[in-house]
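Please look at the structure shown below and keep it in view while reading. The paragraphs that follow lead through it step by step.

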2 protein chains.
Amino acid sequence: MSEALYIIKVGGNIIDNDEKLRAFLHSFSSLKGKKILVHGGGKLATKLAADLNIPQQMVDGRRITDAETLKIVTMVYAGYINKNIVATLNALGTPSIGITGADAHTIKAHKRNHPTIDFGYVGDVDGINESFLLSLINQHLNVVVAPITQDDQGQLLNTNADTIAQEIAKAMSKHIETILIYSFEKKGVLRDINDENSFIPIIDAAAYEQLKNEQAIFAGMIPKLDNAFEAIRAGVKKVIIGDAGALHELVGGQSGTAIS
Amino acid sequence: MSEALYIIKVGGNIIDNDEKLRAFLHSFSSLKGKKILVHGGGKLATKLAADLNIPQQMVDGRRITDAETLKIVTMVYAGYINKNIVATLNALGTPSIGITGADAHTIKAHKRNHPTIDFGYVGDVDGINESFLLSLINQHLNVVVAPITQDDQGQLLNTNADTIAQEIAKAMSKHIETILIYSFEKKGVLRDINDENSFIPIIDAAAYEQLKNEQAIFAGMIPKLDNAFEAIRAGVKKVIIGDAGALHELVGGQSGTAIS
């Protein structure tokens with residue numbers, strides 16, 4: 001168990017809250033084992049864009065990334081957020097390195113080609129440089145990944161952090177027992193978005209089909225769950241979805257929703 | 001010779017000019033051998049600060065770094081500049097990783113404690129994590145270093161890129177033959193700042209003392225030269241100062257000022 005690799009995605013609402021982020025990083029730091037942390041961006045990029053009078057457009061929950069917005073997310077995600085997390089973890093005695101998908105071309109991606117929507121500089125993931133990630137974790141470094149990738153022409157691309165976590169987990173599961181954790185501000189997968197106590201402790205494939213048929217899951221969770229089952233099918237041992245404030249309990253099975 | 005390590009500092013005026021930067025990165029990419037690139041920040045941070053109405057104060061050519069300015073330089077240096085350089089080099093077939101001094105705590109630093117001037121969040125370098133840099137270059141990765149460091153409390157610090165290049169060169173020279181190159185927009189060390197043809201091809205310690213005594217060197221070069229001789233004394237094989245547009249000629253000894 002101590003040899004497992006945890007891929008932990010931490011959501012934007014945690015990143016936006018200094019106190020919650022610090023508590024999360026303390027828990028992350030004290031969690032035994034090999035770890036890769038994938039962070040989202042939260043509202044900081046939106047705030048910087050507003051301060052610079054750069055209009056932002058969202059479609060289906062995705063940021064349309066024009067050239068100016070790409071500059072902003074690169075600065076905020078790869079610069080400010082990533083380096084502050086790394087510095088905090090290092091100071092907590094958890095040696096860490098922050099990377100984007102561009103570094104050592106860790107994540108190969110291409111610009112999204114959508115039939116009807118021009119998402120701009122948004123990347124879809126093609127593959128992971130597993131050997132480089134293995135070399136880092138084998139040097140006992142915790143890896144902190146910002147959701148920026150590049151294509152093979154040197155173009156940086158804004159990329160969904162949930163997807164990055166899932167793709168890294170799938171790729172690493174070929175080499176090491178891998179557990180994927182989506183941590184955010186909710187207790188887990190909820191039947192009722194307004195009732196924290198409606199979370200479902202365990203979902204297997206059959207239960208998931210039934211829950212979807214009964215429309216018994218908050219619709220916003222369905223892409224996360226589809227991703228989770230895709231990860232399981234690709235060899236990830238377990239996917240856990242739950243409260244970033246209870247990381248040890250998520251890992252220990254006392255909290256969150258386990259997908260298997 | 002092919003086994004030497006080149007530590008190449010590229011100055012802000014090159015970073016500010018897309019065309020010059022691209023030409024420099026092409027030369028860097030085609031240069032054989034192990035390479036670490038240290039970049040400065042140029043005017044982008046100043047421009048972003050102006051756009052955000054954050055006043056900037058310079059003392060002795062150093063940026064006074066308050067909390068808001070630190071955020072800006074972290075975003076611009078570690079985010080925007082560093083990741084664009086890395087993506088360009090990767091696309092040129094030169095596998096690269098971008099780091100700050102915080103990543104893997106590659107550069108240990110402390111907040112500058114000056115008797116009369118409060119520089120704010122400015123770092124002075126205490127040491128280099130050479131084994132981590134060696135592990136990267138031994139994986140055939142070119143390392144691109146942004147001039148941000150951290151202290152042991154997790155505080156990020158704005159740090160002079162010339163100093164970082166020098167400290168990395170000194171530390172690496174204990175393990176591998178190391179050549180330090182300061183590349184900028186001038187042909188080399190000039191006797192007359194207004195005459196590009198007044199550059200001095202070779203300076204040794206005795207010649208340097210004489211040139212200083214005669215006041216025959218542009219005053220702004222003296223800190224760079226003092227750094228260069230300190231590097232040589234610490235074991236760096238050669239220091240070359242010259243035109244970023246002539247990188248291969250600098251390495252080959254056909255251009256620039258060689259310090260030995």
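The bend of a helix at a given residue is the angle between two axes, one fitted to the seven residues ending there and the other to the seven residues starting there. The model discussed here is predicted, and this definition can be applied to one of its helices. Helix α4 of chain B, residues 67-91, bends by about 30° at Asn82(B). The helix has 25 residues, and the distance from its first C-alpha to its last is 35 Å, close to the 36 Å expected at 1.5 Å a residue. α4(B) is also mostly covered, for 22 of its 25 residues are buried. Just after α4(B) comes Gly93(B), which takes a positive phi of about 85°.

The next topic is the sheet of chain A. Strands of a sheet pair through backbone hydrogen bonds, either parallel or antiparallel. In chain A, 8 strands form an open sheet with mixed pairing, in the order β5-β8-β2-β1-β11-β13-β14-β12. Two strands of chain A, β5 and β12 (202-203), stand at the edges; each has a single partner strand, so one side of each is left without a neighbour in the sheet. At one of these edges, β12(A) pairs with strand β14 (residues 257-259) of chain A in the parallel sense over 2 bridges. Within that pairing, Ile203(A) has Ile259(A) in β14(A) as its bridge partner. A helix lies against this sheet as well: α4(A) packs on it and touches β2, β5 and β8 of chain A, and its direction makes about 165° with that of β5(A).

Strand β8 of chain A deserves a separate look. How many bridges join it to β2(A), and how many to β5(A)? Strand β2 (residues 34-39) of chain A runs parallel to β8(A) and is joined to it by 3 bridges, with Val143(A) as the bridge partner of Ile36(A). β5(A) and β8(A) are likewise parallel and pair over 5 bridges; here the bridge partner of Gly98(A) is Val144(A).

Why is β8(A) described as largely enclosed by the rest of the structure? The strand covers residues 142-146, and 5 of its 5 residues are buried, so it is largely enclosed. In a regular strand the side chains alternate between the two faces of the sheet. In β8(A), Asn142(A), Val144(A) and Ala146(A) point one way, while Val143(A) and Val145(A) point the other way, and all are buried.

Chain B can be followed along its own sheet. Its 8 strands form an open sheet of mixed pairing in the order β5-β8-β2-β1-β11-β13-β14-β12. The edges are taken by β5 (96-99) and β12 (202-203) of chain B, each with a single partner strand, so one side of each is left without a neighbour in the sheet. β12(B) pairs in the parallel sense with strand β14 (residues 257-259) of chain B over 2 bridges, and Ile203(B) stands opposite Ile259(B) in β14(B). Helix α8 (residues 222-233) of chain B packs on the sheet, where it touches β11 (178-184), β13 (238-243) and β14 of chain B; its direction makes about 150° with that of β13(B).

Finally, the two chains meet: 34 residues of chain A are in contact with 34 residues of chain B. On the side of chain A that touches chain B, the elements giving two or more residues are α4 (67-91), β5 (96-100) and β9 (148-150) of chain A. The largest share, 14 residues, comes from α4(A). By class, this side of chain A has 15 nonpolar, 14 polar and 5 charged residues.

Terms used. Residues are numbered from 1 along each chain as its sequence is written. Chains are lettered from A and ligands numbered from 1 in the order in which they are written. This is a predicted model: local features need pLDDT of at least 70, side-chain atom pairs count only at pLDDT 80 or more; totals for chains, interfaces and linings use all residues. Two residues are in contact if their C-beta atoms, placed from the backbone, lie within 7 Å. Helices (H or I, at least four residues) and strands (E, at least two) are DSSP runs, numbered from the N terminus. Ala, Val, Leu, Ile, Met, Phe, Trp, Tyr, Cys and Pro count as nonpolar, Asp, Glu, Lys and Arg as charged, and the others, Gly among them, as polar. A residue is buried if 20 or more other C-beta atoms lie within 10 Å of its own, exposed if 12 or fewer, and partly exposed in between; C-beta atoms are placed from the backbone. Two strands pair if DSSP finds at least two bridges between them. Axes are lines fitted to C-alpha atoms, for helices over the stretch in contact, and angles run from 0 to 180 degrees between N-to-C directions. The expected span of a helix is 1.5 Å times one less than its number of residues.
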